[in-house]
Structures are given as structure tokens and as C-alpha cells.
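Please go through the structure below with this report at hand. It takes the strands, then the rings, then the backbone.

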Amino acid sequence: MSQNIYILGGYQTDFAQNWTREDLSLFDLFSTTVLTALEKTALDPKDIDVGHVGNFVAELFTGQGMLGGFFGHVHKDFSGMPASRHEGACASGSLAILGAMTDIESGRYDLACVAGVELMRNVSGAQAADNLGAAIFVGEEGQDVKYIWPAMFSDLAEEYDRRYGLRHEHLMEISKTNFDNARRNPNAQSRNWQFEDKSFTADDECNPVIEGWMRRQDCGQVSDGAAVVFLASESRARQYAESRGIPLESLAQIKGWGTRQPPC
């Protein structure tokens, strides 16, 4: 990494909120998150040099592509600002951050707005599963399953079991730990969900099989949500810190990153 990348702050929405039920759109989600992040970090739109958006398949869920173009509609001072959208399935947000880091490291820009946004609860569960299936090798994988990603992870569990051995109770304990963690997260979709003693067992009523090894509590929820962070070069972060009377060292830094292609 050629220079330090600093995080000036940001904002994350409540992932329990269903924006469609409130008659709110993908743009409302995007705009609210960006404007709130600006407010919380005391930055102005005119301060931002470049925008990056991470999103998977907004075209399928909402018919909307070209999400970088949203910035100009959020505030007039974003007009003319370069912006791009990044898609890499579950890594879409990470790729947006990596793109912003590259911009800053190149010396071309000093302050980037990075947004990750998904609106997925506006369709049925079955339709959401089909939309998310765009990330597989279409026509080659998951041809005979209803829920593609539980099936894909079941296949992974099957292979892991073949190689090393795998116990269902261990998978269920992971699920239980994840939901326990969500209860401590004020933005988690499932923070107020209630479970029975049998919810993390092989009980087919309380925890039915979805695909193969995967039962209900093993599967992630489809959610609406967005997050924004502002990344800055060291010189811009120093200016930000001095203007607020705080030490530069108090700002978070990105120390490194890693990315890879999955094996075939």
C-alpha cells in the first residue's frame, strides 16, 4: 500500500427496516444513508472527490442499474463528481472500497464516499432466491434445486464432510452464536427474534431442512440495508482531524486487504 488510508466515519441503516413496506425506494435508501453519513461526519457534499457504490443485482430486484448516477440526485453539489458501481456478488462492497483505496493511493483523489446498498425485500422469497442465483455459473450449477445458495453451501458441507468429517451439531452451534451476536447489534435484522430450545437442533418442525445439510437457522436472511464510509488520504485526514481538534491517530486506518478468485 503506497500510503495510509483513513476512515473519517460513516453510517449504517437498520437492517430490520423494510423500505418497500414504507413506500420507499432504492434511491430513498441510498440518499438517506449518504446524507446521514455526511451529517454524522460533518462533511459537505462539495468536500467529496469521488464516489464508489457496491451493489449486487439491483437490476433484478428493482430494475435499476447505474447506481453511481444516484449521487447527483442526492445533492446538487455532487453534480459532476466521478462515480462508479462495483459488482462482485458478496464482495461487491469490498470491491467498492478497494476501488476507492486505489483512487486515493494513485494520488488522483483525496476523499472518497463509498456506499454499499441492497434492497431485496420487495419481492417474494422464491423470487429473491432466483435473483441471487445470478451469481452462480448459470446453466451449469444448481439446476435442480429451489434455493440455490443453501444448496451450494450444502454441497460445500458435503465435500468438507467427505474430506474431514462434519457434525450437524457443530453447524447448529455456529448458527446459535450468530443469532446471539445479532441480539447485541442494534442494526441487526434478527436482533429481536425469539427462538425455542429446539430451534437449533435437527427438529424438522422448529428447524426444517432447506437444502441438504442446510436447515432454516443455517441460512442468511434477505435484507434491505445500506452503509457508507468516507475514506481519505493521510493529508486529507490530517486536515479533517486538525479542523476538529482531534489527533490524527484517533482516526481508523485500513492496514491491508486481500482478495482472490474462488477455485474452480
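How many of the five residues of strand S2 (residues 50-54) are buried? Five of the five are, and S2 is mostly covered. The model is a predicted one.

## Overall picture

The protein has eight helices and eight strands. Its C-alpha atoms fill a box of roughly 60 × 40 × 40 Å along the principal axes. Of the 264 residues, 38% are buried.

Take the contacts with a separation of 6 or more: residues 24 or more positions apart account for 74% of them. The exposed area comes to about 14,700 Å². Carbon and sulfur atoms supply 49% of that area. The protein carries 23 positive and 37 negative charges, and the mean positions of the two sets are 4 Å apart.

## Strand S2 and its neighbours

In a regular strand the side chains alternate between the two faces of the sheet. In S2, Val50, His52 and Gly54 point one way. Gly51 and Val53 point the other way. Residues on both sides are buried.

S2 pairs with two strands. Five bridges join S2 to strand S4 (residues 111-118), and the two run parallel. Within this pairing, Val50 stands opposite Ala112 of S4. Four bridges join S2 to strand S3 (residues 83-86), again in parallel. Here His52 has Ser84 of S3 as its bridge partner.

## Strand S7

Is strand S7 (residues 225-232) enclosed or open? Six of its eight residues are buried, so S7 is largely enclosed by the rest of the structure.

S7 has antiparallel partners. Strand S1 (residues 5-12) pairs with S7 over six bridges. One of the matched pairs is Gly9 with Phe230 of S7. S4 also pairs with S7 in the antiparallel sense, over eight bridges. In that pairing Val114 has Val229 of S7 as its bridge partner. S4 thus has a parallel pairing with S2 and an antiparallel one with S7.

## Aromatic pairs

How many aromatic pairs does a search of the whole structure find? The count is 10. One of them joins Trp149 and Phe153, with 6.4 Å from centre to centre and 50° between the planes, a tilted arrangement. Both residues lie in helix H6 (residues 148-164). They are four residues apart, about one turn of the helix. Trp149 counts as partly exposed because its relative accessibility is 29%. Phe153 is also partly exposed, with a relative accessible area of 48%.

Phe179 and Phe200 form another tilted pair, since their planes stand at 55°, with ring centres 5.8 Å apart. This pair links distant parts of the chain, 21 residues apart. Phe179 is in helix H7 (residues 168-183). Phe200 is in the loop between H7 and strand S5 (209-211). Why does Phe179 count as buried? Its relative accessibility is 6%, and the cut-off for buried is under 20%. Phe200 is buried too, with a relative accessible area of 15%.

Ring pairs also build a cluster. Its members are Phe27, Phe30, Phe70, Phe71 and Phe78.

## Backbone points to check

Most residues other than glycine have a negative phi. Which way does the phi of Ala42 go, positive or negative? Its value is near 55°, so positive in a residue that is not glycine. Ala42 sits in the loop between helix H1 (26-41) and S2.

Met66 is another non-glycine residue with a positive phi, about 50°. Its place is the loop between helix H2 (58-62) and helix H3 (71-74). Is Met66 buried or exposed? Its relative accessibility is 65%. The cut-off for exposed is over 50%, so Met66 counts as exposed.

Terms used. Residues numbered from 1 in each chain as written. Predicted model: local features only at pLDDT ≥ 70, side-chain atom pairs only at ≥ 80, totals over all residues. Heavy atoms only, no water. Buried < 20%, exposed > 50% of the residue type's maximum accessible area, 1.4 Å probe, protein only. Contact = heavy atoms within 4.5 Å. Areas by Shrake-Rupley, 256 points an atom, 1.4 Å probe, with all protein chains shown as cover. Lys, Arg positive; Asp, Glu negative; His and termini not counted. Charge placed at Lys NZ, Arg CZ, Asp CG, Glu CD. Pairing = 2+ DSSP bridges. Phe/Tyr/Trp six-rings, centres within 6.5 Å; stacked < 30°, edge-to-face > 60°.
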